[in-house]
Amino acid sequence: MGTFNHKEFKRAFARNSFYFFRGLFRHLPYGVVKAMTSVIISIGYFLVRSKRVIARESLDIAFGHTIDSQEKEKIIKKCFSNLGRGMIELLYYSDHPQMIKDKAFIENKEYLEEALKEGKGAILVSAHFGSFPLMLLRLVQEGFATSAIMRPFRDQIIEKDFVLLREKFGLGTIYSQPRTACVARSLKALRNNELLFIPLDQNFGTKGGVFVNFFGQRAATATGPAIFAMRTGAPIVPIFTHRLEDDRHRIIVEKPFYLDIKENDEATIFACVEKITQIIESYIRKYPPEWGWMHRRWKTQPKDLEDEKKADD
C-alpha cells in the first residue's frame with residue numbers, strides 16, 4: 001500500500017474542485033454564479049488556515065503596530081474574498097469574453113500607445129495585485145500584443161489548461177525558468193514591439209536579485225525590468241488594477257519612464273528596481289486588500305542580517 005501524500009491530495013482536491021465549478025458555472029446565469037460566490041469563498045477561507053497565518057505575519061511585518069489587529073483581520077478577509085472573486089470571475093468570463101470588456105476598463109490607455117511608438121516594446125511592471133490576469137486579457141482584447149512572465153502552477157494539469165486559456169485569448173506565456181529561455185523570449189517580445197508584463201513583488205532568493213526597501217524591510221527582488229530596459233531601450237510602464245464597489249475593475253496605466261542612468265550598471269539597475277518597488281508599495285498602501293499577503297515576501301534576507309541574527313542567538 002502506497003504512502004499517503006498530503007500535498008498531492010490537496011492538489012488533486014483543488015484541481016477537481018476547479019473542474020467541477022468551471023463545468024457548473026458554464027451552464028449558469030451570472031446572477032446565480034455571483035450569488036454562490038460568497039458561500040464558496042466562506043468555505044475556502046475556513047480551509048486555508050495556514051495561508052491566513054502567513055497573511056497575518058506579512059501584515060505584521062509591513063505595518064507593525066501602525067494598524068490594529070482588528071483592521072489587519074479585515075484586510076485578510078477582504079484579501080481572500082478578492083482572490084476568490086477574481087478566480088470565479090476569470091472562470092466565468094473566460095467563457096463569456098464580452099463580460100471582460102463590460103467589467104474592466106482602462107484609464108490612460110494613451111500611455112501604452114505612446115510607449116509603443118518607438119517600436120521597442122514596453123515593459124509593464126506590476127504586482128500580484130487585484131485581478132491582474134483579467135487585466136492582461138483586457139489588454140489583449142484592446143488590441144495590444146502582450147506576453148507575461150510567470151511561474152507555472154505546481155499542478156501541471158491545471159497549468160496546461162491555463163496555457164490553453166491564455167492562447168485562446170492571444171496572451172503569450174513566458175515562464176520565469178529556465179532563466180536563459182526566459183530572457184531570450186522576453187527580449188524577442190520587446191523587439192516585436194509587444195507589451196511585456198513582469199510582476200515584481202515576489203521573494204527572489206539570493207541569486208541574481210537585489211535587496212531593496214519594501215515597507216521598511218529589505219526584500220530580495222528580481223532585476224528583470226531594469227536589465228530588459230537596459231538591453232532594449234524600452235520604456236517602463238507601471239500598471240495596476242483594483243476592484244470597485246460595483247465589481248468592475250479599474251485598470252490604471254501610469255506614465256512611462258526610462259532608466260535613470262547612474263555611475264555604473266549596478267547602480268542603474270538598483271535605482272530602477274527600487275523605484276518600481278516604491279510604486280508597488282504605494283498601491284498596496286492605497287488598496288491593501290488587493291495584494292497577495294499570503295506570500296512570504298521577506299523570507300530571504302541579506303547575509304549581513306542573517307549573521308547578525310545568529311550572533312544575537
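Strands β3 and β5 pair in the parallel sense over 3 bridges, where pairing requires that DSSP finds at least two bridges between two strands. Strands (E, at least two residues) and helices (H or I, at least four) are DSSP runs numbered from the N terminus. The model is a predicted one, in which local features need pLDDT of at least 70 and side-chain atom pairs count only at pLDDT 80 or more, while totals for chains, interfaces and linings use all residues. Residues are numbered from 1 along each chain as its sequence is written, and side-chain values use heavy atoms, with hydrogens and water left out.

Within the pairing of β3 and β5, A148 stands opposite F197 of β5. Strand β5 also pairs with β2, in the parallel sense over 5 bridges, and here A122 stands opposite L195 of β5. Because 5 of the 5 residues of β5 are buried, this strand is largely enclosed by the rest of the structure; buried means under 20% relative accessible area, exposed over 50%, and partly exposed in between (1.4 Å probe, protein chains only). In a regular strand the side chains alternate between the two faces of the sheet. Both faces of β5 are covered, with L195, F197 and P199 buried on one side and L196 and I198 buried on the other.

These strands belong to an open sheet of 7 strands with mixed pairing, in the order β1-β9-β8-β2-β5-β3-β4. Its edge strands are β1 (104-107) and β4 (172-175), each of which pairs on one side only. On average, neighbouring strands of this sheet are turned by 25 degrees against each other, direction ignored. Strands β8 (residues 236-243) and β9 (residues 249-253) pair in the antiparallel sense over 5 bridges, and the bridge partner of F240 in β9 is I252. Helix α7 (residues 132-141) lies across β1, β2, β3, β5, β8 and β9, and runs at about 120 degrees to β8. Such angles run from 0 to 180 degrees between N-to-C directions, with axes fitted as lines to C-alpha atoms, for helices over the stretch in contact.

On edge strand β4, T173 is a residue worth a look. T173 is buried, with a relative accessible area of 12%. Its side chain is joined to that of R166 by a polar contact of 3.2 Å; a polar contact is a pair of N or O atoms within 3.5 Å, and within protein one must be able to donate a hydrogen and the other to accept it, while residues adjacent in sequence count only if both atoms are side-chain atoms. Not counting residues up to four places away in sequence, T173 touches A148, M150, R166 and R185, contact meaning heavy atoms within 4.5 Å.

Turning to helix α11 (residues 265-286), N264 caps its N-terminal end, with a side-chain oxygen 3.2 Å from the backbone nitrogen of E266. The buried residues of α11 include A267, C272, V273 and Y283. They pack against β2, β6 (210-214), β7 (217-221), α10 (224-232), β8 and β9.

In the largest nonpolar core, of 49 residues, I123 and W293 touch the most other members. Helix α11 supplies the largest share of this core, 8 residues. A nonpolar core is a set of buried Ala, Val, Leu, Ile, Met, Phe, Trp, Tyr and Cys residues joined through side-chain atoms within 4.5 Å.
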